[in-house]
Amino acid sequence: MAKATLGEDVLRWTIDHFIKYGDNDIFPPLLEMQFLKDKQDVITRALAEIDLHQHRPISLAESLLPKSKFGFRLGHQIYPTDGILFTAATLTIAKDIEARRNVSAFSYRFDPKSNGDLFSARHRYRDWLRYHQAVLAFGDDVVQVAATDIADFYGRIYHHRLENCLNDYAGKSPVTSYIVACLRDWRSRQSFGIPVGNNASRILAEALLCDIDNAIENHGWTHTRYVDDIRIFIERKQDAYVALAFLAERLNASEGLSLNAQKTNIWSKDLYAERLQQYVGETSEEAATAATEQLFWDAYGQDEPDEQTLAELKARDLISELENELREDHWDVGRIKVLLHAVRYTKPIAAGAYLKANLTNLLPFVKEAALLMLELAASGEASFTDLSEPVVQELLSPRTAHLPVVRSWLWFLLVKDVVKVSLEQVNRLSVLDHILDRRGQYALRMKLRDLTFFRAQKNRVDELPAWLQPALIFHSQCLPAEEYRVWVGNIRGRLRFPLSSLFCEWCLAHAR
């Protein structure tokens with residue numbers, strides 16, 4: 001069988017994208033991101049030599065994610081080099097997928113740029129809401145809007161069905177076979193589900209729903225979709241119940257998917273337009289009440305908020321609004337995240353004290369809270385160095401026992417020195433055994449120069465899983481220079497993670 005490889009151009013572009021945006025939007029950045037940045041050219045060439053027929057990915061780092069006040073979903077961290085290969089493979093067929101997509105599909109339109117941007121800047125969520133307004137404004141016959149979404153969409157995508165779609169759109173090839181092989185390896189005990197949190201999966205998920213979009217349009221309904229959120233615009237001679245029943249039947253028969261009953265509703269045109277206005281804010285009065293939403297979508301698109309939006313936000317008591325939202329029986333998760341984004345920009349005086357007093361309550365939003373704490377600490381607006389014991393207790397708490405992603409952001413606060421810890425406290429945390437916990441422990445022990453620990457661990461590097469080997473090697477740099485150099489030289493040929501020799505060279509150069 002001929003060797004199957006990926007081109008250097010797509011691999012280099014993928015690494016550019018990872019450096020600019022990160023490899024996922026759920027977990028904190030991995031130390032390997034700096035490796036990619038420093039050694040991009042040599043890594044590109046090395047990855048271009050990998051035979052897709054032979055390569056199999058390292059297992060995913062998986063975690064439950066808080067989704068609502070009492071709900072959860074799964075998120076996934078792909079091993080960095082596997083993430084590059086998986087993304088680059090998907091990008092080689094993304095143009096073929098995009099060509100088959102219906103105009104009604106608004107999300108993640110493939111439009112790569114040389115600066116590392118991947119998706120169209122004109123197809124963000126807020127643009128989608130404005131599109132709804134346009135349909136309602138010009139659709140004189142529209143009387144209702146059927147709103148629904150797909151239950152556990154990414155988690156229920158059937159691999160065989162996705163494989164058929166990819167082969168249909170891009171042709172059967174080593175690239176499509178590699179993509180499906182990765183999914184099957186990652187979900188070895190199940191034939192469904194794709195990793196959550198990365199852009200390659202977003203492109204693949206869009207490919208799966210092309211037939212559904214076409215089926216709705218072919219039956220005479222005007223609709224639009226953003227990922228798994230679907231809106232069908234019902235005209236006078238149409239029946240909203242029939243439209244939803246058709247969609248439910250087609251999703252089940254074709255894709256093995258189902259609608260989320262709790263998020264399915266039929267709105268009158270006027271009431272739906274009123275709700276949209278609250279989020280889009282076309283008049284000056286409405287724009288003031290929607291300032292947090294404006295800020296969120298600006299931040300989502302990597303844009304700075306304009307002066308008017310910032311002034312409107314600063315005039316509001318965002319901390320009180322946040323407290324009110326958290327007191328609700330059912331959380332508006334999106335709005336709470338929006339408020340935390342807004343606080344990051346406005347930095348109200350009360351923010352630091354509020355975060356310190358409410359760390360436990362904010363754990364479901366730990367990423368937003370941690371980034372806010374990092375910014376407040378960096379700007380001198382607040383200090384969290386005395387939170388060491390509360391953070392340690394949260395790491396050891398039953399509340400976070402099944403949520404490695406929450407713990408990973410608490411480790412982030414410790415590693416970034418936002419919160420200071422002692423070696424005694426780190427020793428207490430050694431009972432945490434998830435790979436992300438152990439990587440966090442390595443980072444802290446390096447900061448605290450725990451030479452005894454690294455000397456005990458370095459002779460066991462062969463026993464460690466691939467996820468942990470590079471972390472141990474990198475953080476062992478606190479060892480005396482000659483001791484470190486000799487050790488790394490001795491182990492280079494015995495390591496099991498991809499690009500291990502290049503990584504060791506980088507660590508040795510980094511340690512000088």
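Modeller: Start with a rule. Two strands pair if DSSP finds at least two bridges between them. This model is predicted, and the rule is applied to its atoms.

Biologist: What makes β3 and β6 a pair?

Modeller: Four bridges join strand β3 (residues 142-149) to β6. The rule asks for at least two, so β3 and β6 count as paired. One bridge sets Val145 against its partner Trp267 in β6. The two strands run antiparallel.

Biologist: What is the order of the strands in the open sheet?

Modeller: The order is β4-β5-β3-β6, four strands with antiparallel pairing.

Biologist: Why do β4 and β6 stand at the edges?

Modeller: Each has a single partner strand, so one side of β4 (222-226) and one side of β6 (265-268) lack a neighbour in the sheet. From one strand to the next, the twist averages 20 degrees.

Biologist: Which helix packs on the sheet?

Modeller: Helix α5 (residues 125-138) does, touching β3, β4 and β5 (229-235). Its direction makes about 5 degrees with that of β5. Angles run from 0 to 180 degrees between N-to-C directions, so the low value says that α5 and β5 point nearly the same way.

Biologist: How do you know that β1 and β2 pair?

Modeller: Count the bridges. Six join β1 (residues 61-66) to β2 (residues 72-77). At least two are needed, so the pair qualifies. Leu65 stands opposite Arg73 in β2, and Glu62 stands opposite His76. The strands run antiparallel, and a hairpin of five residues joins them.

Biologist: What describes the contact of α10 with α11?

Modeller: Two packed helices are described by the angle between their axes and the distance between the axes. For α10 (residues 210-218) and α11 (residues 240-255), the axes come within 11 Å and cross at roughly 145 degrees. The crossing is right-handed. Ile212, Ala215 and Ile216 of α10 meet Phe246, Leu247, Arg250, Leu251 and Glu255 of α11.

Biologist: How do the residues of that contact of α10 with α11 divide by class?

Modeller: Six are nonpolar, none polar and two charged. Arg and Glu count as charged, so Arg250 and Glu255 are the charged two.

Biologist: How many cavities of 30 Å³ or more are there?

Modeller: Three. The largest has a volume of about 60 Å³. It passes the cut-off of 30 Å³.

Biologist: Which residues line the largest cavity?

Modeller: The lining is Glu32, Phe35, Leu36, Tyr79, Pro80, Thr81, Pro470, Phe497, Pro498 and Phe503. Helices α2 (32-38) and α4 (80-99) each give two or more residues. The most come from α2, with three.

Biologist: What classes does the lining of the largest cavity have?

Modeller: Eight residues are nonpolar, one is polar and one is charged. Glu counts as charged, so Glu32 is the charged one. Thr falls among the others, so Thr81 is the polar one.

Notes
Residues numbered from 1 in each chain as written. Predicted model: local features only at pLDDT ≥ 70, side-chain atom pairs only at ≥ 80, totals over all residues. Heavy atoms only, no water. 1 Å grid on protein atoms, 1.4 Å probe; cavity = no way out; pocket = protein on both sides within 12 Å on 5 of 7 lines; lining within 4 Å. Points joined across faces, edges and corners; volume = space filled by probe spheres on them. Left-handed = near helix turned anticlockwise from the far one by under 90°. Contact = heavy atoms within 4.5 Å.
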